[in-house]
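Visitor: Hey, got a minute to walk me through this one? I'd like to hear about the folds and the packing.

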Amino acid sequence: MRLRSITLDNVRRFTDPVRLGPIGDGITLVSQPNESGKSTLFDALQAVFFQRHTSWGKTGTAALQPYSGGPVTVECEVETEGAVWRLRKRWQQGSGGEAKVWRDGVLMHQGDAADQWVADLVQGEGGGPAGLLWVRQGRVSLSPTGTAKEKDAEQAGRRDLLTAISGAMDAVTGGERMDRALEVCRSELDALQTATGRPRTGGAWAMAEAEVADLAERVEALRTQADALHDDLRDRDRARAALALEEDPEDNAARKAALAEAEDALAEARRHQTALSELKLQAQVARQAASMAEGTALRNAALRREKAEAGVAAQNLAEAAEAAARALKSASMAQDAAADRLAVAEATAQSAQAAIQAIAQRQARADLRRRRAEMARRLAEAEAAEAERLLADSAARRGPTAEAAQAVEAAARTLETRRAAAEARAPRVTLRYDPGAPAASLDGKALEDGLPAPVGDGSRIDLPGLGRLSVDLGDAAGATAVQDAEAALRHALAAADVGDLDALRAAQRSQAEAVRRAEFAAQRRDLHAPDGLPGLRDALAALPEERTESEEPAAPDRARAEDALKAAESALDAARRDEAATRLARDAARDAATEAKAAATAARARLQRASAEAAAVEGRSPEADAEAAEMAVRAAEAAEERLAAHQRDAPDPQAAEVTVTRLRKAAEQADQRRIALRMRLVELDTRIDSRAEAGVEEALTEAETLLAASERRRDSLLREKDVLLRLRTALETAQSAARDRYFAPVAQELRPLLQDMWGDADILWSDETLLPRALVRRGSEEQVDLLSGGTQEQIALLVRLAFARLLARAGRHAPLILDDALVFTDDDRIARLFDALQRASADLQILVLTCRQRAFRDLGAAEVTLEPVAPD
Amino acid sequence: MTALTFVHTSDLHLGKPFGGYGEADRLRVARRQSIAGLIAVARAEDARHVLIAGDLFDVPNPAPATWRQAVAEMSEATELTWWLLPGNHDNLREAAATWEAISALGHANLRVLTEPVPQEMQPGGILLPAPLTTRRPASDPTGWMDGAVRPEGVIVIGLAHGPVQGFGAEEDGGEIIAPDRDRRAGLDYLALGDWHGQMRISPRVQYSGTPESDRFKHDGRGSCLVVRIEAPGAAPEVRAVETGHFDWRLLTLSLVPGLDAAAKLEAALPEGPRRDCLLRVEVAGRTSLAEASALAAAADRLAPEFCHFDMRTDGLSLEIEAADLDAIATSGALRQAGDALAAEAADPALGQRDRAIAEAALRRLHALVAEEGA
């Protein structure tokens, strides 16, 4: 169809008839200013082609009526099917409408038939799809714009377009059947998964997955419990077997017997050890006794030698020697007595030690008591020795001091010296008896004939028959010096608080003896209490109390034996004191002889001391001393032998203790293992019962079967999803391919137009609207709705051109009518659009209505105007 | 000489779950009631002994309710002596605690056979049990029977559990029992368990099967064997007595195009109350799209009548005809979609799964279009 002219009569402002034409092929420009009736012309054209003659609506034909009223008449000349047709429609309110169609001046149709002829022309030719080939003023894009009513109308227009071509499109795309199949497929798939292919929350797939996950978790938990049950059952079997081994009666009996035997051996070893300690003590005491006996023998020998020497030196002092001999005899007697007492004490001590040994062989419990008794005895001995030491020490401190004694000795020596000098200087008388004359005497002693005899001051010479001759020497004999010396001696004696020199010396001997006694007592104390008395007392106090002696079987009295020993030692101490005294005397004589050989008094004194000392051992022969010493040595050797023999036979208490400890520990460990195994069995029984009560294995088997079923359901749903996906893909692919085929001709027409505008550009079509939805430029996709207004109107125009060219190529020419379609396009683009319009106008009829007269001057189109129609 | 009559059964699998079955509870109850069924059979047949040839329980350590109720029910039938043999599911190693607990109850008529030693069933009749000590024994547990000392002139019964060499196993496991053990060991009868269906290895060696079926491997209801032996050496009289409640059936439908698959399915359905029937239909062969759709519709319609209905079409392949595709569309996008799916379904270059998916999609498309047409 080609439009050749249009005539308006009583249409809005055109109350008088006006005509536009002739309209040729190609582009026809109607360029007039605003308000010149271009839109009226557009609306009139639309009405004549799309409104029935009976239609009268405010938005339709009624809107074409001028204010003055009257019928609205629009008439067109169209060329189609090789003929020129004139059609005229008239509308008025009520029933005054009219429609007529003439061909070559011959009325062909009128009324409804004329309307139908026009509708067939439009539909069949595709020449009037409003909204696609007809572009109203202000219409920029392909999408509906304007008021809601206009949008609805535009939507209806597009539906009309789709309806116009739906027959062919259904055949290609599957039409409604395809749509419903796709809808069902998509709906079912949508119920299973989300758009991103994940399980849809609340959907069957998601629920199946959740169920599988829950059951898998339950299976895992139950499997863990079942494994634990099986482990416990195996552990219980092992624990039972282990407990049976631990509780084997024969093994336990053997273990107990071994332990008892080891404990007996340990007790025996400890008893042996106690006895060994006693023997060591005995051996030590015996060694000391032997040593003392040997010392005594040596000392006695020395005394004897001294006696012999003193006897030679003091031959003439028999009285003094006799006195000394008496003193010595007395000392010897005392020593003998002490030796006897020592022997008794030793015998008694041996008896006591034998008793202690007997006691030591008793039970281990008695050992402690004996140790306590022994310690008490030693404490008593030590305390006695200490007391004795204190007494001796006190005695040593009594009497003259060493300085006083030295002063006395010095005074005595001075006196003797002076006396000797006086004696040496003294006058001597020599009497020559006449024959038969009676013997005269000097100081009572006979004067021997011719032998000078010294005389002193006051000496008296009895001359029988003659009377008594008294000698008065005056100081010629040194009497004064002697008297001074005697006074000094008396003074020194007084200072020393002694009566005479003998008393002094006796006191000194006593002091020396006391010192020795103290030393000996200290030795004994230390022997019994090597760690000191407090230490011994503490050690004794630290020993636990045992039952009393009375509770034990009768035993020898240890205290008595110890007392006897103590008495013997005391006697020995006395002998030692005697020996020390004679030694002191001998030393004093030796000193005197050295100082003054000539001192006869001193020589006598020495002889006396030597005699006295020798007398002390006179009653005891050297053989006796040697025998006593030998006996003591033999006793010590015997004690050593007993000790050595005991040590040889002694069992090792440490080894016995290690054995006992090991066996006890083994027994304790066996008990602990049994207890642990019983506890383990209780624990396992409890857990096994608990899990058995819960039926873990049945629950696991059930959960596994449920899981398998659930997985099958899940797999089935996955397969269903895959089937639906595959079906949807197949349908969408086919539909898309069909649409591509459907749009291919349009796209082919559009492509050169797009290239004119934007170079390498393409259009993407909407599956829903069958309209362009995006412009692709340089590989970038741009949504049409988001493009600028100018670009949108350019696309809209080009798409319409393409559709129009497609229709034209199909021999179905349809005019493209543009009512101010380019509003936003700039000068550069509008020139390119003009080129596009010119390119398309070769086989198209394009009617361009515009108020932009200057802009469209360069369109290069034939221009027509509405002209009044002259009355016929 | 006194004849020996006993009930031979096995594989009760008490406590077995039936996950995945819609009516699992009914199946479990029926399994529990199999003991009552065995008691009824023994009483009716005047048997004094029930020999359970293994797998009394499904798991080694069943829930207390499972084994206590079973033991109580057996012990209350005081005139019967139950000879309980540990099988592979309740073998001695794994189920020691269970068997100990049962023995500890001290029921006089329950004899747990934990040792391979001869047991006197009655004067003139002894039992040689072969309990399984592990789930998969490495050697023939009946081997000891050859040398077992037994009195002269007595009926000797062997009792064992496991697959017989050359006859296959119920589950995975080696075939270990010598099929001629009766002759080697001089047995009058060897009562076997493990195979859930009845199987006669020889006149003297037989599997009793389970008293209540539990799988589609063996058609029909479960049963037990009533065995009577008149005298030593006499041929055993063996008779099967049905005890099962549920009927397990496996049907195989072989289809060819042009056959009314739905009608064939209906014709092949078993007789009897369908509510107590568990049915699996394995469809094989070839069929058209329309027939496949009709078969699926028939299965959907019939399934609710059964306790369990399961149709598997893995072995069925579609033979796609032009008419099937025409039914979808003669031309256009729908036809193209149908053609593409049909081509994929037949494309040997694709994997089996992809072909199956394509075939299912084609069936679905056909059904959608057919529904629309209807």
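Visitor: How many bridges pair strand β5 (residues 83-91) of chain A with strand β6 (residues 98-103) of chain A, and in which sense, parallel or antiparallel?

Guide: Six bridges, and the sense is antiparallel. Strands are DSSP runs of E with at least two residues, helices are runs of H or I with at least four residues, and both are numbered from the N terminus. Two strands count as paired if DSSP finds at least two bridges between them.

Visitor: Before we go on, what sort of model is this?

Guide: This is a predicted model, where local features need pLDDT of at least 70 and side-chain atom pairs count only at pLDDT 80 or more, while totals for chains, interfaces and linings use all residues. Residues are numbered from 1 along each chain as its sequence is written, chains are lettered from A and ligands numbered from 1 in the order in which they are written, and side-chain values use heavy atoms, with hydrogens and water left out.

Visitor: Fine. Back to β5(A) and β6(A): which residue stands opposite Leu87(A)?

Guide: Val101(A), in β6(A).

Visitor: And what's the strand order of the open sheet of seven strands in chain A?

Guide: The order is β7-β6-β5-β4-β1-β2-β21, with antiparallel pairing. β7 (106-110) and β21 (866-868) of chain A are the edge strands, each pairing on one side only. On average, neighbouring strands here are turned by 20° against each other, direction ignored. Angles like that run from 0 to 180 degrees between N-to-C directions, and the axes are lines fitted to C-alpha atoms, for helices over the stretch in contact.

Visitor: What about β1(A), is that strand mostly covered or mostly open?

Guide: Mostly covered: seven of the eight residues in β1(A) are buried. Buried means under 20% relative accessible area, with exposed over 50% and partly exposed in between, using a 1.4 Å probe and protein chains only.

Visitor: How many bridges join β1(A) to β4(A)?

Guide: Seven, and the two strands run antiparallel. In that pair, Arg2(A) stands opposite Glu79(A) of β4(A). β1(A) also pairs with β2(A) in the antiparallel sense, over three bridges, and there Ile6(A) faces Leu20(A) of β2(A).

Visitor: Which strands does helix α1 (residues 38-50) of chain A lie across?

Guide: Helix α1(A) lies across β1 (2-9), β2 (18-20), β4 (72-80), β5 and β21 of chain A, and runs at about 110° to β1(A).

Visitor: Let's try the other sheet. What's the order of the three strands in the open sheet with β16(A)?

Guide: β15-β16-β17 in chain A, again with antiparallel pairing. The edges are β15 (761-765) and β17 (780-783) of chain A, each pairing on one side only. The average turn between neighbouring strands is 30°, direction ignored. Strand β16 (residues 772-777) of chain A and β17(A) pair over four bridges, and Gln783(A) in β17(A) is the bridge partner of Ala774(A).

Visitor: OK, zooming out: how many helices and strands does chain A have?

Guide: 19 helices and 21 strands. Buried residues make up 42% of the 872 residues in chain A.

Visitor: Now helices. At what angle do α9 (residues 402-425) and α11 (residues 501-528) of chain A cross?

Guide: Roughly 145°, with the axes coming within 11 Å. Ala405(A), Val408(A), Glu409(A) and Ala412(A) of α9(A) meet Leu501(A), Leu504(A), Arg505(A) and Gln508(A) of α11(A), where contact means heavy atoms within 4.5 Å.

Visitor: And in chain B, how do α2 (residues 34-44) and α3 (residues 64-76) sit?

Guide: Their axes come within 10 Å and cross at roughly 15°. That makes α2(B) roughly parallel to α3(B), because angles under 35 degrees count as roughly parallel, over 145 as roughly antiparallel, 65 to 115 as roughly perpendicular and the rest as oblique.

Visitor: Which residues meet there?

Guide: Ile35(B), Ala36(B) and Ile39(B) in α2(B) meet Ala70(B), Glu73(B) and Met74(B) in α3(B).

Visitor: Last one: how far apart are the axes of α3(B) and helix α4 (residues 96-105) of chain B?

Guide: They are 11 Å apart, and the helices pack at an angle of about 35°. Trp67(B), Arg68(B) and Val71(B) of α3(B) make that contact with Ala101(B), Ile102(B) and Leu105(B) of α4(B).
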